[in-house]
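This report looks at one helix and its surroundings, and then at the cysteines. Please keep the sequence and the structure in view while reading.

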Amino acid sequence: MAEAVLEKSSTEMMLRPAADAVFALLDGRPVLFSETRQKIYELDKVGAFIWCELAHGASLAAIYQELGRLGIDEYTARQFSRQAINAWIDRELLDVDWRMPANCAFSAVLGRRRINVRAENWDLLQRMVSPFCGPDNENGEDDIAVEAMMLDDQVLFRGNDAGTHRCEVEALAPTIKAHLTERLIRSNRWVFALHAATLANCGMGLLLCGQPGAGKSTLTLQLVDAGFQYSGDDVALIGADGTVCGIPFALTLKEGSWELLSRLRGDWDDVTHRRADGAQVRYLPIPNAHNESLSAGWVIFLNRVANGSAELTALDQLESMKRLIEGAFASDGRLSRAGFFALKRIVAGARSFQLTYCESVEARGLLMDLCNGKA
């Protein structure tokens, strides 16, 4: 695994109590009250000291020094402070002074939304942009912003619709990707989303449907190598008119696909990232990704097996509809009437199949023949 070594913060991070956080003494015991969470949290003496110092505008460096004067060595002072600050950030009790350089930024368009990414230094920005295929100067309808900065050896990040969150450096790129995907799914433009890879062939969309582990990304890599245009390997956004828009993040490949990737693409970035589920992944940017809506021409449900030849089994509209509903998800957790009719338009206009396969190379050949009218 490539070691994550990032440039340290160039500015002193300032933390301060959130506007709705109240410090008080109850029977001489220090507590915090969160108006947002409607909870009371008890503090120990060191925690109360750190909180009061932050409330008076002290920097972290100054707090470490003050704790040293109380007989606490620097390592222990940092540990105490880190544990307290982490807990307060997670409980939305602290605000962060986000000091971002204006030029350390990146933008792209995904799902017809402009994504703006900003970081406090270039090393951190490089980590954050790993899941993107590249910058895009097209105009998006509105902005989704994500900002990140270092706090010791972890990262603090926030979106423009949420509070401050934290993660380890190795988990930053997958965490940012998950945050942005959720934001796109919640957009009013889309009636629901599918767990599906999206590719374009001769102006028509090919959907590879399946839960994580079904082989969507590996098979997508094979099809891109065969000339299909990439549009996303994980989530497809569905409009009320039944059109499909992939989210063209960089192709995400787990460890089992790295050997195949090395054979197909010798000059790729091998930085390793860690997802929330613990899986190690690497990202492959795909040039000229398709970023517009498509009419679905083929809907393929992946059935990966341990052995046997690849086989396509035709599905009628009712069976395809049932399977799509099982794999659909919406921002409010419900498939609406508009979503139902969008699915109906998809299955009425596309050919649906179950693809049972073991080897992705053989599956690729079947799908190429299908999409080129030879099967």
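## Cysteines and disulfides

A disulfide is taken here as a pair of cysteine sulfur atoms within 2.5 Å. The structure is a predicted model, and a search of the whole of it finds zero disulfides under that criterion.

Two cysteines illustrate this result. For C245, the closest cysteine sulfur belongs to C133 and lies 13 Å away, which is too far for a bond; C245 is itself buried, with a relative accessible area of 0%. For C371, the closest cysteine sulfur is that of C202, at 8.6 Å, and this distance is likewise too far for a bond, while C371 is also buried, its relative accessible area being 8%.

## The two sides of helix α8

Helix α8 spans residues 317-326, and its buried residues are S320, M321 and L324. Viewed down the axis of α8, these buried residues fall within an arc of 100°, and they therefore line one face of the helix. An α-helix has 3.6 residues a turn, so residues three or four places apart point the same way. On the other side of α8, L318 and E326 are exposed.

## Packing and the helix start

The buried residues of α8 pack against several strands, namely β11 (192-201), β12 (204-209), β19 (296-304), β21 (328-329) and β22 (351-357), and against the helix α9 (337-349).

At the start of α8, a polar contact involves D316, a side-chain oxygen of which reaches to within 3.3 Å of the backbone nitrogen of L318; L318 is one of the exposed residues on the side of α8 opposite the buried ones.

Terms used:
Residues are numbered from 1 along each chain as its sequence is written. This is a predicted model: local features need pLDDT of at least 70, side-chain atom pairs count only at pLDDT 80 or more; totals for chains, interfaces and linings use all residues. Side-chain values use heavy atoms; hydrogens and water are left out. Buried means under 20% relative accessible area, exposed over 50%, partly exposed in between (1.4 Å probe, protein chains only). Helices (H or I, at least four residues) and strands (E, at least two) are DSSP runs, numbered from the N terminus. The arc is that of the directions from the helix axis to the C-beta atoms. Contact means heavy atoms within 4.5 Å. A polar contact is a pair of N or O atoms within 3.5 Å; within protein, one must be able to donate a hydrogen and the other to accept it, and residues adjacent in sequence count only if both atoms are side-chain atoms.
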